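Here's a quick tour of a single-chain model, written for someone who likes to know the cut-offs. Have a look at the fold first, then read on.

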Amino acid sequence: MSEKIQSQARSQILLVEDNPGDVFLIQEAIGGEDGAELRVVTDGEQALEYLAAAETGGSRRAPDLILLDINLPKRSGDEILARIRAGALTRDVPVIVVTSSESPRERAHMMELGADYYFSKPINLDEYMKIGAITRRLLAEAHKR
């Protein structure tokens, strides 16, 4: 019975991004897909607090998908990703790294830490909107597990 109730719950997406313009674009790209609820935190400390509340069974549940910037105030994206992968409730949550960095070295590092997808923020709006399709695909895959 609890599985059925849980499957009917809205998907929850955590966006860790400090740039308001990028938050807006990601919100537009994702839209209200499948009634997903988008939670936004703007720095690494807030992200760690959010994840800790989810892990302890506090007022938040673990997100179904995380969009994570690398260059954040207070804590870095790689530190946040390492914490996600170390958490009992978050280790299998799909993570899309969303960054302006196109460094192959940084990409490799984030993938080694457990990112599921690395999305370089493009200048072209149409290209940026592709993150919506990536998000939908990873959410669908996560719900099959």
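## Confidence

The protein has an average pLDDT of 87, and 89% of its residues score at least 70; pLDDT is the predictor's confidence in each residue, on a scale from 0 to 100. This is a predicted model, so to speak for local features a pLDDT of at least 70 is needed, side-chain atom pairs count only at pLDDT 80 or more, and totals for chains, interfaces and linings use all residues. Residues are numbered from 1 along each chain as its sequence is written, and side-chain values use heavy atoms, with hydrogens and water left out.

Where is confidence lowest, and where is it highest? The low end is helix 1 (residues 2-8), with a mean of 40, while strand 3 has the top mean at 96. Residues 1-8 have pLDDT below 50, and beyond near neighbours in sequence this stretch makes zero contacts in the model. A contact here means heavy atoms within 4.5 Å.

## Overall layout

The protein has seven helices and five strands, and along the sequence they come in the pattern α-β-α-β-α-β-α-β-α-β-α-α. These elements are DSSP runs numbered from the N terminus: helices are H or I with at least four residues, strands are E with at least two.

Of the 145 residues, 42% are buried. Buried means under 20% relative accessible area, exposed means over 50%, and partly exposed is in between, using a 1.4 Å probe and protein chains only. Among contacts with a separation of 6 or more, 66% come from residues 24 or more positions apart.

## The sheet

The five strands form an open sheet in the order 2-1-3-4-5, with parallel pairing. Strand 2 (37-41) and strand 5 (117-120) are at the edges with a single partner strand each, so one side of each has no neighbour in the sheet. From one strand to the next, the twist averages 20°. For pairing, DSSP has to find at least two bridges between two strands. Angles run from 0 to 180 degrees between N-to-C directions, and axes are lines fitted to C-alpha atoms, for helices over the stretch in contact.

Strand 1 (residues 12-16) pairs with strand 2 in the parallel sense over five bridges, and with strand 3 over four, again parallel. L14 shows both links: it stands opposite R39 in strand 2, and its bridge partner in strand 3 is I66. Further along, strand 3 (residues 65-68) and strand 4 (residues 95-99) make a parallel pair over three bridges, with V97 in strand 4 as the bridge partner of L68.

## Buried strands

How many of the residues in strand 1 are buried? Five of its five are. In a regular strand the side chains alternate between the two faces of the sheet. Strand 1 is covered on both: Q12, L14 and V16 are buried on one side, and I13 and L15 on the other.

T99 sits in strand 4 and is buried, at 0% relative accessible area. Apart from neighbours within four places in sequence, T99 is in contact with D69, I70, N71, Y118, F119, S120 and K121.

## Helices 3 and 4

The axes of helix 3 (residues 44-55) and helix 4 come within 10 Å and cross at roughly 5°. That makes the two helices roughly parallel; the bins are under 35 degrees for roughly parallel, over 145 for roughly antiparallel, 65 to 115 for roughly perpendicular, and oblique for the rest.

On the helix 3 side, G44, A47, L48, L51, A52 and E55 meet E79, I80, R83 and I84 of helix 4. The residues of this contact divide into six nonpolar, one polar and three charged. In that scheme Ala, Val, Leu, Ile, Met, Phe, Trp, Tyr, Cys and Pro are nonpolar, Asp, Glu, Lys and Arg are charged, and the others, Gly among them, are polar.

## Two exposed spots

T56 lies in the loop between helix 3 and strand 3 and counts as exposed at 65% relative accessibility. T56 and L89 are 33 residues apart in sequence, with 9.3 Å between their C-alpha atoms.

P20 is in helix 2 (residues 20-30) and is exposed too, at 66% relative accessibility. The C-alpha atoms of P20 and T42 are 8.7 Å apart, with their positions 22 residues apart along the chain.
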